[in-house]
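Here are a few short exercises to work through with the model open beside you. Try each task on your own before you read the solution.

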Amino acid sequence: MMECWAKKNLLSLPIIPLFQHSNIPKEFNVIPIISIVGKSDSGKTTLIEKLVPELTRRGYRIATVKHDVHGFEVDQEGKDSWRHKQAGAHTVVISSPKKVALIRDVGKDLTLEEIREKLIQDVDLILSEGYKKDVQPKIEIFRKEKHKELLCTKEDNLIAIVSDRKFRVGVSCFFLDDIRGVADFIERKYLQSEREGEVSLKVDGKRIPMTPFVKSFVASTITGMLSSLKGCGAAKQIEIRVEGEGK
């Protein structure tokens, strides 16, 4: 690892893996999406409930999306947020010190790509429940005592099956209780390349979220500045630490 140090009274930057802005693969700027699909009572929610903590334990930030074709209500009648919406607000945001929620009118059923672009950022992976007709990669959960045939094929972008029986359809198969195996598959196929190109920022020990554009901008700016310095041209990692006395 090559390290270049500087001191100023501003902020602290942790290790930043190096890659040239012009060579950043397109997928580095897009949060991967995987849809967990299956027929009714197959265990889609249970699989997500087990996958999220396993992937979180490995250091990844996971967002989840639930598809409900019948519609839903999240704000209770009589609450302030409900009253705001009933008054005609297009978008209502409820904010607290620990979480924030958004209620927004839409003109149609959004695709996963539209949800990702409009509503989700600063995560490593989106796991959706449902969206069997969407184009995103799919993992189908199948139970032989409940179902006779698969919902999806490779042509539907099926990438894996989680089941209590074996399939030979050209995709990876996992037993129902092999959560670690499914997580390994997701990590290897969709997350490790992202982590290799990660750019992160911490200020006083607190991780500061950055959009993909800001990440690529920071990487290309620092890379461009250091390219003119002797001994920094072929680095694979760059660490810049800017220290100050504080207030």
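**Exercise 1. Work out the strand order of the open sheet and find its edges.**

Solution. Start with the order: in this predicted model, 6 strands line up as E3-E6-E2-E7-E8-E9, and their pairing is parallel. Next, look at the ends of that order. Strand E3 (62-66) and strand E9 (172-175) each have a single partner strand, so one side of each is left without a neighbour in the sheet. Finally, check the twist: on average, neighbouring strands are turned by 20° against each other, direction ignored.

**Exercise 2. Follow the pairing of E3 with strand E6, then see which helices cover these strands.**

Solution. Begin with the pair itself: E3 and strand E6 (residues 125-129) run parallel and are joined over 5 bridges. For a concrete example, take Lys66, whose bridge partner in E6 is Glu129. Now add helix H1 (residues 44-57), which packs on the sheet and touches strand E2 (33-37), E3, E6, strand E7 (138-142) and strand E8 (158-163). The direction of H1 makes about 165° with that of E6. Then add helix H3 (residues 112-119), which lies across E2, E3 and E6 and runs at about 135° to E2.

**Exercise 3. Classify the ring pair of Phe142 and Phe167, and describe its surroundings.**

Solution. The whole structure holds 2 aromatic pairs; we take one of them here. The ring centres of Phe142 and Phe167 are 5.1 Å apart. Their planes stand at 85°, and planes over 60 degrees apart count as edge-to-face, so this pair is edge-to-face. Where do the two residues lie? Phe142 belongs to strand E7 and Phe167 to the loop between E8 and E9, so the pair ties together parts that are 25 residues apart in sequence. For burial, the cut-off is under 20% relative accessible area. Phe142, at 1%, is buried, and so is Phe167, at 12%. One more detail: the charged end of Arg165 sits over the ring of Phe167, 4.0 Å from its centre.

**Exercise 4. Asp41 has a positive phi, and so has Tyr131. Is each one buried or exposed?**

Solution. Take Asp41 first: its phi is about 65°, although it is not a glycine. Asp41 lies in the loop between E2 and H1, and at 59% relative accessibility it counts as exposed. Now turn to Tyr131, also a residue other than glycine, with phi near 60°. Tyr131 is in the loop between E6 and E7, and at 9% relative accessibility it counts as buried.

Note on methods. Residues numbered from 1 in each chain as written. Predicted model: local features only at pLDDT ≥ 70, side-chain atom pairs only at ≥ 80, totals over all residues. Heavy atoms only, no water. Pairing = 2+ DSSP bridges. Helix = DSSP H or I, 4+ residues; strand = E, 2+ residues; numbered from the N terminus. Axes fitted to C-alpha atoms, helices over the stretch in contact; angles between N-to-C directions. Contact = heavy atoms within 4.5 Å. Phe/Tyr/Trp six-rings, centres within 6.5 Å; stacked < 30°, edge-to-face > 60°. Buried < 20%, exposed > 50% of the residue type's maximum accessible area, 1.4 Å probe, protein only. Lys NZ or Arg CZ within 6 Å of the ring centre and 35° of its normal.
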